[in-house]
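Work through the exercises below with the model open. Try each task before reading its solution.

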Amino acid sequence: MEGGDRGVLLLDALVAFLVCYFPHLPTSVALRYLRAAKADLLAAVQLVETDRCVCAFRIDSRTARTALRCAALAAGHPSPDELVATTLSLASLAADVSRLLLPQTKRLSVADIEQLRVILARGSLGCTNPQELGAFVDASRLPAGSMKNMAIKDEPLATHTESLQRVLLERIHGFYLQALALLPRHDLRHRYHRSLVKAGHLYGPLDPVSNIIVNTVWYDAMFPGLKEHKFELAMVGRSALMRAERCSLAGLVGGLRAFAGDNLSEHDAICYLLQSNADLWAAMEALEACLRNPEGDPTFHCTVPSKLYRIMADAACHPNPGALQEFYASDRVSEPLPPKSMLLSLKDVESTIRSLSRTTPWPCTSLKPHQLPSQNERFKSIISRNKESFHADYKSLHRKLKGPELVIHVICGANEYVADSCGPEYSSINWPRSHLKYHYSHFNFLASSAGGEPKLFFAECVNYEEESDKMRKTMCCPVVVPATDSEKVRCLYCEYSGYSIVHPVGMNYHGGDIDFEKMVLGKHTCTNECIFNRGMLVTDSMAFTEEDFVYFDPKRDHDLVKAVNTCIGVKEASTEMAP
């Protein structure tokens, strides 16, 4: 093999490791990290982690092992498993090797080389020690000064900003899962499944979880749904939940940039929010400290909080930003809650509900008669079709979820497009929705034992009951919301769908190891760019969703009425009166 070919294969291996280890990392951004790290893989890993504000890399984790195997396959190694085992074994001997190599002021002696040969021979036996592997990761980390010199200095690509945005959205999703677990089961299934996805945003004067709960409860009290909206639903609409998370991010970014007087790019705003773990006020403190001049005075004009609330609500497309601004300006927002440093309890949430439920509803404004959906059969047909589609989807998902004897609080994530190791198969069973048959669905749901607090579960359920599906198995297990500073467990199909679903650590499920290996070899229907671009297309939308028609209120949802009237050709009154 020519030297140039070896170089290409080596680069392919380095890129394969990064994109298979880190979710939401397009190839173009992986190459920038490698260039900044001068092709040092561990340095590139540390650069990515620094940008994402995590420190979770372990060479012996399951995700890292999969990434190593994918790198070996990309390089065309004849025995990937042996390479992974040898790499882990040698990594566990890093402390011994470092003692010989680190003193760079002297040349290696013959005795040093012989000692190095003995150490490496011992490593080739495949023996690993977990503690020594941990020491290897710690020893391989570069000092902060070196990282600063190695950081990417070019203008960030749009894909780099989008990559960090996806990481931040996953963290925001974790806060929503925590908030859902704190809301009372009955109220969540009968009322708050509407207000949470319409206006339960994460920004506000409190911590992220408290903001979601307060905004959800307040909106339900201030803008109560119609009687027909108070049906029992054991699911939070997944498209609308994803939009609420995206709107929350837009509000946070808009608020932080306004606070800085627009002297802050979207990319930098996202970086500050990652550092502060989506806490706007912590991000503002860090930003203010960074932008002060040598005398300690701010170099920008700070936007006052009352205006900031309106800016955030507008950026997030809140249904009624004026009412939200008025609420934030009052003292009622934090009355029933504990100090910010304390974690919310179920009792705190119940107290918040009692306090905010006394809110007087906001008055409605009427539409002109010609704009009302009741006056247009096509409008009524659109509403009816979307409602039927949503409820059919809900019944289908709920029917598949056959787990242990648990009290299900709510389904909070679902992706029914997961295939087995052979990939999706051509079939008419899902026609006309798709010409492909996907064999499994992945779920997250909150459930509890009788009388217990809800916990998060993951389930992999079989989609169909054909003869060929009888040998397929359903699995269900508890999972935990990943900590901010933790390694992400990956699923190719769920990342492609755009839905954030928490998968179990150390367990087998479809969409994991084998699918990433097939992707690297070019034997999968998806590529890394395909996964990133499709996921970005889904998660970056703040448009109307199917759930908006389910919760449609003609007296309040004027924007939806206007959008649909525009689509079906209903003109505004001013246009009709024109000569």
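**Exercise 1. Helix α4**

Task: Decide whether helix α4 is largely enclosed or largely open, and check its length.

Solution. The model is predicted.
- Step 1: Take the range; α4 covers residues 62-74.
- Step 2: List the buried positions. They are Thr 63, Ala 64, Thr 66, Ala 67, Leu 68, Cys 70, Ala 71, Ala 72, Leu 73 and Ala 74.
- Step 3: Conclude. Buried residues are 10 of the 13 in α4, so the helix is largely enclosed by the rest of the structure.
- Step 4: Check the span. At 1.5 Å a residue, 13 residues should span 18 Å, and the end C-alpha atoms of α4 are 18 Å apart, which agrees.
- Step 5: Look past the helix. Gly 76 follows α4 and has a positive phi, near 75°.

**Exercise 2. The sheet**

Task: Give the strand order of the open sheet and name its edge strands.

Solution.
- Step 1: Trace the four strands. Their order is β1-β4-β5-β6, and the pairing is antiparallel.
- Step 2: Find the strands that pair on one side only. These are the edge strands, β1 and β6.
- Step 3: Add the twist, which averages 20° from one strand to the next.
- Step 4: Take the β4 and β5 pair. Eight bridges join these strands in the antiparallel sense. Phe 445 stands opposite Phe 457 in β5.
- Step 5: Take the β5 and β6 pair. Four bridges join these antiparallel strands. Here Phe 458 stands opposite Cys 477 in β6.
- Step 6: Sort the residues of β6 by face. Met 475 and Cys 477 lie on the covered face, Cys 476 and Pro 478 on the uncovered one.

**Exercise 3. Helix α19**

Task: Find which strands α19 touches, and which of its residues are buried.

Solution.
- Step 1: Place the helix on the sheet. α19 touches β1, β4 and β5, and its direction makes about 100° with that of β1.
- Step 2: Check the span. The 24 residues of α19 (377-400) should cover 34 Å at 1.5 Å a residue; the end C-alpha atoms are 35 Å apart, which agrees.
- Step 3: List the buried residues of α19. They are Phe 379, Ile 382, Ile 383, Asn 386, Phe 390, Asp 393, Tyr 394, Leu 397 and Lys 400.
- Step 4: Find their partners. Besides β1, β4 and β5, the buried residues pack against helices α13, α23 and α24.

**Exercise 4. Gly 237**

Task: Is Gly 237 buried or exposed, and what does it touch?

Solution.
- Step 1: Locate Gly 237, in the loop between α12 and α13.
- Step 2: Compare its area with the cut-off. Buried means under 20% relative accessible area. Gly 237 has 2%, so it is buried.
- Step 3: List contacts, leaving out residues up to four places away in sequence. Gly 237 touches Val 197, Phe 390 and Glu 547.
- Step 4: Relate it to α19. Phe 390 is among the buried residues of that helix, as is Tyr 394. Gly 237 and Tyr 394 are 157 residues apart in sequence, but 8.7 Å apart in space, C-alpha to C-alpha.

**Exercise 5. α13 and α14**

Task: Describe how α13 and α14 cross, and what lines their contact.

Solution.
- Step 1: Take distance and angle. The two axes come within 9 Å and cross at roughly 105°.
- Step 2: Classify. An angle of 65 to 115 degrees counts as roughly perpendicular. α13 and α14 are therefore roughly perpendicular to each other.
- Step 3: Name the residues. From α13 come Leu 252, Val 253, Leu 256 and Arg 257; they meet Glu 266, Ala 269, Ile 270, Tyr 272 and Leu 273 in α14.
- Step 4: Sort them. Seven are nonpolar, none polar and two charged.

Note on methods. Residues numbered from 1 in each chain as written. Predicted model: local features only at pLDDT ≥ 70, side-chain atom pairs only at ≥ 80, totals over all residues. Heavy atoms only, no water. Buried < 20%, exposed > 50% of the residue type's maximum accessible area, 1.4 Å probe, protein only. Helix = DSSP H or I, 4+ residues; strand = E, 2+ residues; numbered from the N terminus. Pairing = 2+ DSSP bridges. Expected span 1.5 Å × (residues − 1). Contact = heavy atoms within 4.5 Å. Axes fitted to C-alpha atoms, helices over the stretch in contact; angles between N-to-C directions. Parallel < 35°, antiparallel > 145°, perpendicular 65-115°, else oblique. Nonpolar A, V, L, I, M, F, W, Y, C, P; charged D, E, K, R; others polar.
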